[in-house]
2 protein chains.
Amino acid sequence: MSYVAPVKDLMFNLQHLAGLEQVASLPGFEDAGLETAQAVLEECARLNQEVIAPLNWEGDKYPSSYHDGKVSTTPGFKQAFRQFAEGGWQGLQHPVQFGGQGLPKAIGAACVEMLNSANLSFALCPLLTDGAIEALLIAGTPEQQQTYLPKMISGEWTGTMNLTEPQAGSDLALVRSRAEPLQDAAGQPDGRYKVFGTKIFITYGEHDMASNIVHLVLARTPGAPEGVKGISLFIVPKFLLNPDGSLGPRNDVHCVSIEHKLGIKASPTAVLQFGDGLAGKLPTGPGAIGYLLGQENRGLETMFIMMNAARYAVGVQGIAVAERAYQKAVGYARDRLQSRPVDGSLAAAAPIIVHPDVKRMLLTMRAYTEGCRAMASVAAAAYDGAHHHPEAEQRQQHAAFYEFLVPLVKGYSTEMSIEVASLGVQVHGGMGFIEETGAAQYYRDARILTIYEGTTAIQANDLVGRKTLRDGGRTARAVAAQIERTEAELQASGSAHALAVCQRLQAARQAFLEVLDFVLGNAKADPNAVFAGSVPYLLLGGNLVAGWQLARSLLVAERELVAGNEADFMRAKILTARFYADHLLSRAGSQRDSIVEGHAAVTEMAPEFF
Amino acid sequence: MSYVAPVKDLMFNLQHLAGLEQVASLPGFEDAGLETAQAVLEECARLNQEVIAPLNWEGDKYPSSYHDGKVSTTPGFKQAFRQFAEGGWQGLQHPVQFGGQGLPKAIGAACVEMLNSANLSFALCPLLTDGAIEALLIAGTPEQQQTYLPKMISGEWTGTMNLTEPQAGSDLALVRSRAEPLQDAAGQPDGRYKVFGTKIFITYGEHDMASNIVHLVLARTPGAPEGVKGISLFIVPKFLLNPDGSLGPRNDVHCVSIEHKLGIKASPTAVLQFGDGLAGKLPTGPGAIGYLLGQENRGLETMFIMMNAARYAVGVQGIAVAERAYQKAVGYARDRLQSRPVDGSLAAAAPIIVHPDVKRMLLTMRAYTEGCRAMASVAAAAYDGAHHHPEAEQRQQHAAFYEFLVPLVKGYSTEMSIEVASLGVQVHGGMGFIEETGAAQYYRDARILTIYEGTTAIQANDLVGRKTLRDGGRTARAVAAQIERTEAELQASGSAHALAVCQRLQAARQAFLEVLDFVLGNAKADPNAVFAGSVPYLLLGGNLVAGWQLARSLLVAERELVAGNEADFMRAKILTARFYADHLLSRAGSQRDSIVEGHAAVTEMAPEFF
């Protein structure tokens, strides 16, 4: 089997870190306890291991292809997507009233990880559909929701997010696509718009896995203000709908090409042309028919809510590809015989997994992956609390914590995934560089994760601006206070590993607090200095929170060991936490230095000096 | 122009760091002063910029291809190699008596960097040929030298290194290829051998750019001892030679396939079969005819000398690809307009090169590249001193310094090149992930550099074993003592930048010395602990030496600024050194921690726990 889902670790996090039993005490989640989680995760593991994972390398060999406006996905994808949809997996976290399972995000996120480990390219289709569903849930009229949600949740139709244009990437203020209101016979707006423009980098913007595609498109209405405050969001289905809900005429949105990419080759990245007139047969003439979603000029707000969901999911993609790269590297390291052990314990070539440097690489991969997984699990539970807790204050606290974690989950888990995938190649030695080995695919695939749904720098802007400055650092300090409590527990444990981890955690927290003071103190007076350190601040924050969650894991594992549960798993967890502390958390000091003391060169370096 | 050779920076290093004027005072290098260097570098830049660099992307699009035992290289490569050869570039550093230019390595290395920046795949052919030439110079009989060297130095023939077999990668003790002595009519060995075996990962093991290929092949003679002490080195030409030196019959060595790789696609990576009998027409029957190079059973020693040259060159490849990735990223960052400056200095989208995080990324790329380039330049000058200094003690000192630096140049420059190439993709945002942009090629190409010619772990073993333990840390301490003198100069300068750099350098040196004590003190008693930190030790060493050379550069630049020379270049140099100190050298402390305090988890983690 090319992938074995880490159900045990996912369940460990749900039970011991994310507090699933508490989540299951929230209204609406009564059936979502540990037993349900275990059953769902095992079923999910089966589908991903047996059906979807084997298509991963196929997708790399036989990417999506474009011909004459149509995109054919990798052979097998269509059937696999049917199985995925029929299993109800698209609707796992979505409301029961539209056909979903209504499970907590804490469980849903574990399933998202598996799907992405199995096949990053495949998983992007449901991932984007989830985002579109989210937007419709937030901003759609009851009629729009009834029209689109059941079909999307059942996997009959899929969804896309259309933001980027050639001149507008990170900077959506530059969006130029336009939407003109259509008028009825009496010259009054009839609620429809004609959308014109070119959108690029549209994931699954065209494909053959579903009968319709619901595009959500950012565009400007006539006379809309310049900049981000004049952007509206439109629903533009590939096929218009007849009054009875059946598929009607082809809309005037067309895929004109797909990109030739470094990785995730099976996922078609489309250039979409809205209103190029090729449809020709629409009675309204050229222009893609669209329907306003939410309020005019406030499209970006809705888009951001859905992007937040997508950003979290991309963070999970990082964890997912890291896990897969790790499993592959471990497998190779067990099989490959090369060189005698340095301690002379064997007089013949040993499996390279005994060599200290290979262990160090594998532990690095494992520690990053488990640390980020734990962080993501805790964040998901906070999301559930934010949406389902009966008390407003609790909801607000959970929301603040979740919002703070999103850029860390997205930014840190994806940055680490590149390093992990690269280590995976390294463990394979020369074989890692040969495409047929498969390790290189993860290295290529992972490379998009720090870019799409907002680059790491964009996540860092979000962290600095909306998540730190806006509340004057309150949430950040609350996180630090929680970490301090974990330190006290580590002290109380008193074991050598706990004490060592405690020391690192404390130093990292101090470094984080110093950085926080720096960010809060200088953002207004010297924004260039603060933003020179914005990504290091994000990486420090992610490092701290992931290390913290592993520290918590260590405490749990010590207790479980005493209780006689899963001894090997618990020992490995303790050592992974210790490794994380000594090798990764220990970087916090230098991260602090480069933020607090390292901006001079960045600021002074004139652009023309490069 | 897709590449502009950094002649100014290369000359800065030669003049101010490597001490080219001193090199030019050594016997044999009288004409190799700054003027010569400037002229050679400019001529080299022209060829690489105009002829070889434009073939880089071509090589990625149209890789070498295999058909029926023959390999066709990318269109244009053959002609470019002719130009390269006719310009005398293959012989730049090789002895005049065999047709070379006899220039110092200090100058040669600068030219090697340019060639590799222009085209990593193309450059591998001369790189391997250089290695083979080196081996022949060291171990060849006068007759062998006369037979092969002039043709190889002129670029008529090329050379290869045949080490790896499917079961023998890093561990050459496992080599199984065999060589049987041929006998004359009287039953006496006639000096020829028949070589049998399969070699993999043979760079330019077959191609169409030269009329003959001189393979150097590791194999065992009958009755040779097991392990590394029973391996001999053989010359196995693709075409045997007639007594008059003209090409004779095809030898029984054949390319049976080439690899499908992540990067350096234009460079054919061959599987070579020695003695599969397909030649058929040799009067000796199946078996590739080979000639012993050097002493029987001591092939590995020769191979190591030539591998040391190749390792240094691969380090330069890292610098080269980093430079090219940097140039591309700077170009994009100047052109791409996106988002307003965070300091509100412009009310419209600005070139992204003004954004602090983009500057931070570009400075990271630049600092790594310039730091490693400076380290490599100083190492090359030490090589020249080691081979040309009239005094034995001086030669010995230079040799020790050079030998110490080789694993750092190889290991650190290549590890950083992956990070730099990855940042290059990141600067491009979504466009970076599109293959046609070209940034992704560097990310793919760079990934081999930490693997071939000895993985980073193998370099680290070399650093720990042969370069640190063997002399009890004497060379390492001598390097630290030199660094301390630079610190004193920084203190004497007294400028804010110099003082800041001094502080980082001092801390990094202290960290290095603590690590050194740890390595020396524990290698025998606890080798697993020491080798758990071997790669971090290498990275710390590389970091320290590169940071040191930039600190020296800062001092030079301050003086040159006062003298009114090249103000912008010197200011950029100062800021690059400062950036390196604050963002990279500052990692030394955490590197120390993970070595000295981070081995417990690695050692305790049982292989079955992964």
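In the UniProt record, an unreviewed entry, the feature "domain: Acyl-CoA oxidase/dehydrogenase middle" is placed at residues 161-275 of chain A. The model examined here is predicted. Over residues 161-275, chain A is 0% helix and 49% strand, with the end C-alpha atoms 17 Å apart. The unreviewed UniProt entry also lists "domain: Acyl-CoA dehydrogenase/oxidase C-terminal", at residues 297-463 of chain A. In residues 297-463 of chain A, helix accounts for 73% and strand for 0%, and 25 Å separates the end C-alpha atoms.

Val214(A) lies in strand S6 (residues 212-219) of chain A. With a relative accessible area of 0%, Val214(A) is counted as buried because this value falls under 20%. Its C-alpha atom is 4.6 Å from that of Gly159(A), although the two residues are 55 apart along the chain. When neighbours within four places in sequence are set aside, Val214(A) is in contact with Tyr148(A), Met152(A), Trp157(A), Thr158(A), Gly159(A) and Thr160(A), and also with Ile235(A), Val236(A) and Pro237(A).

In chain B, strand S6 (residues 212-219) pairs with S7(B) in the antiparallel sense over 6 bridges. One of the bridge partners is Leu233(B) in S7(B), which is matched with Leu218(B). S7(B) also pairs with strand S12 (residues 288-292) of chain B, again in the antiparallel sense, over 2 bridges. Here Phe234(B) stands opposite Leu292(B) in S12(B). Strand S7 of chain B spans residues 232-237 and is mostly covered, with 6 of its 6 residues buried. Ser232(B), Phe234(B) and Val236(B) point one way from the strand, while Leu233(B), Ile235(B) and Pro237(B) point the other way; residues on both sides are buried.

The contact between the chains takes 91 residues from chain A and 91 residues from chain B. Chain A and chain B bury about 7,800 Å² between them, and 62% of this area is on carbon and sulfur atoms. On the chain A side, the residues that lose the most area to chain B are Phe433(A), Tyr443(A) and Phe610(A), which together make up 11% of what that side buries.

Polar interactions across the interface comprise 47 residue pairs in polar contact, counted where both residues have pLDDT 80 or more. The salt-bridge rule finds 4 salt bridges between chain A and chain B. Among them is the one formed by Arg504(A) and Asp593(B), whose closest N and O atoms are 3.0 Å apart. Helix H18 (residues 567-584) of chain A gives the largest share of the chain A side that touches chain B, with 9 residues.

Asp593(B) is also one of the buried residues of H19(B). Helix H19 (residues 588-596) of chain B has 8 of its 9 residues buried and is therefore largely enclosed by the rest of the structure. The other buried residues of H19(B) are Ala588(B), Ser590(B), Gln591(B), Arg592(B), Ser594(B), Ile595(B) and Val596(B).

Positive phi values occur at two non-glycine loop residues of chain B, Asp68(B) and Ser339(B). Phi of Asp68(B) is near 55 degrees, and this residue is found in the loop between strand S1 (65-67) and strand S2 (70-72) of chain B. Asp68(B) is exposed, with a relative accessible area of 66%. Phi of Ser339(B) is near 70 degrees. Ser339(B) is placed in the loop between helix H9 (299-335) and helix H10 (356-388) of chain B, and is partly exposed, with a relative accessible area of 22%.

How values were computed
Residues numbered from 1 in each chain as written. Chains lettered and ligands numbered in written order. Predicted model: local features only at pLDDT ≥ 70, side-chain atom pairs only at ≥ 80, totals over all residues. Heavy atoms only, no water. UniProt positions renumbered as here; feature names shortened; annotations may be inferred. Helix = DSSP H or I, 4+ residues; strand = E, 2+ residues; numbered from the N terminus. Buried < 20%, exposed > 50% of the residue type's maximum accessible area, 1.4 Å probe, protein only. Pairing = 2+ DSSP bridges. Contact = heavy atoms within 4.5 Å. Buried area = accessible area lost by both parts, 1.4 Å probe. Salt bridge = Lys/Arg side-chain N within 4 Å of Asp/Glu carboxyl O. Polar contact = N/O pair within 3.5 Å; in protein donor to acceptor, adjacent residues only side chain to side chain.
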